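The exercises below are to be worked with the sequence and the structure side by side. Try each task before reading its solution.

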Amino acid sequence: MAINIKSQREIELMRESCRILSLVHEELGKFIKPGISTKDIDDLGYKLITSYGCIPNFLNYAGYPASLCVSVNDEVVHGIPKKNRILKEGDIVSLDAGLIYEGYHSDAARTYGVGKISDEAQKLIDVTKQSFFEGIKYAKEGNYLFDISNAIDDYVTPFGYGIVRSLVGHGVGTELHEDPQIPNFRQKRRGPKLKAGMTLAIEPMINMGTWDVNWLDDEWTVVSADGSLSAHYENTVLITDGEPEILTLGNV
């Protein structure tokens, strides 16, 4: 496993890539309401990303046909935007987006309620988001990678939710997916030691029911195996010699 340690110049480029992505997510979040299609969201995402002179890094990645992943209700990740997929009051929708700025990738995801949602759905969204913050308490130089994984698991499991195991976080930099892989569930080993200059996309994916998932026939969309709601929260994080820097945080 070769984990890329970023130079100061690379970190500055990553910061700018991630800053722009945080602004894109802020605008996307404001746009979510009943009656719009998932394709409408993707169209706005493309327009926003390119308006900053950046490239949507998901578009055509391994054949993926859109700029964003827009996943509704039981869809965990990689939901393909469609004109006929209309958001309804009470739905939850996960937006996973990334972009390339001067050769450097950023990656972040958020889950939103559509209009008024159930208390149960809101709790799932809140726990998923908080699990990220519990995990990155351990994202410090000298700790081990799987300290992050274990902290996420320790926080989520008491709620009775399922932590998706088939999909994990990852390093990010000049490639969208770099080493290391970052599970969100407890590991028996410690994993590699964290070093300043690592840039990691940490992304808990949490189902209200089972941890198990299925792939739909489009070979992209991942759904919870029992049809339960799923939430996703992700940021690109820089490991430093002190507290971690959440590069994509912005105001959402």
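Two strands count as paired if DSSP finds at least two bridges between them. The structure is a predicted model, and every value below was computed from it.

**Exercise 1.** Find the strand order of the open sheet of 3 strands that contains S12, and explain which strands stand at its edges.

*Solution.* The order is S3-S12-S11, and the pairing is antiparallel. Strand S3 (75-77) and strand S11 (213-215) each have a single partner strand, so one side of each is left without a neighbour in the sheet and these two form the edges. On average, neighbouring strands of this sheet are turned by 40 degrees against each other, direction ignored. Taking one pair in detail, S11 and S12 (residues 222-224) are joined in the antiparallel sense by 3 bridges, and Trp215 is found opposite Val222 in S12.

**Exercise 2.** Identify the pairing partners of S14 (residues 235-238), and decide whether its two faces are covered or open.

*Solution.* Begin with strand S9 (residues 199-202), which pairs with S14 in the antiparallel sense over 4 bridges; here Thr199 has Leu238 as its bridge partner. Next comes strand S15 (residues 245-246), which runs antiparallel to S14 and is joined to it by 2 bridges, with Val237 partnered by Ile246. S14 and S15 form a hairpin, with 6 residues between them. For the faces, buried means under 20% relative accessible area. Asn235 and Val237 on one side of S14, and Thr236 and Leu238 on the other, are all buried, and both faces are therefore covered.

**Exercise 3.** For the salt bridges Glu12 with Arg15, Lys39 with Asp43, and Arg186 with Asp154, work out where the partners lie along the chain.

*Solution.* A search of the whole structure finds 11 salt bridges, and these three are among them. In the pair Glu12 and Arg15, the closest N and O atoms are 2.4 Å apart; both residues belong to helix H1 (residues 8-31), where being 3 residues apart separates them by about one helical turn. Lys39 and Asp43, with closest N and O atoms 2.7 Å apart, lie 4 residues apart in helix H2 (residues 38-51), again about one turn. Arg186 and Asp154 meet at 2.8 Å, N to O. Arg186 is in the loop between strand S8 (178-182) and S9, whereas Asp154 is in helix H4 (residues 145-156), so this pair ties together parts that are 32 residues apart in sequence. Finally, salt bridges that share partners join Glu12, Arg15 and Glu245 into one network.

Notes:
Residues are numbered from 1 along each chain as its sequence is written. This is a predicted model: local features need pLDDT of at least 70, side-chain atom pairs count only at pLDDT 80 or more; totals for chains, interfaces and linings use all residues. Side-chain values use heavy atoms; hydrogens and water are left out. Buried means under 20% relative accessible area, exposed over 50%, partly exposed in between (1.4 Å probe, protein chains only). Axes are lines fitted to C-alpha atoms, for helices over the stretch in contact, and angles run from 0 to 180 degrees between N-to-C directions. A salt bridge is a side-chain nitrogen of Lys or Arg within 4 Å of a carboxyl oxygen of Asp or Glu.
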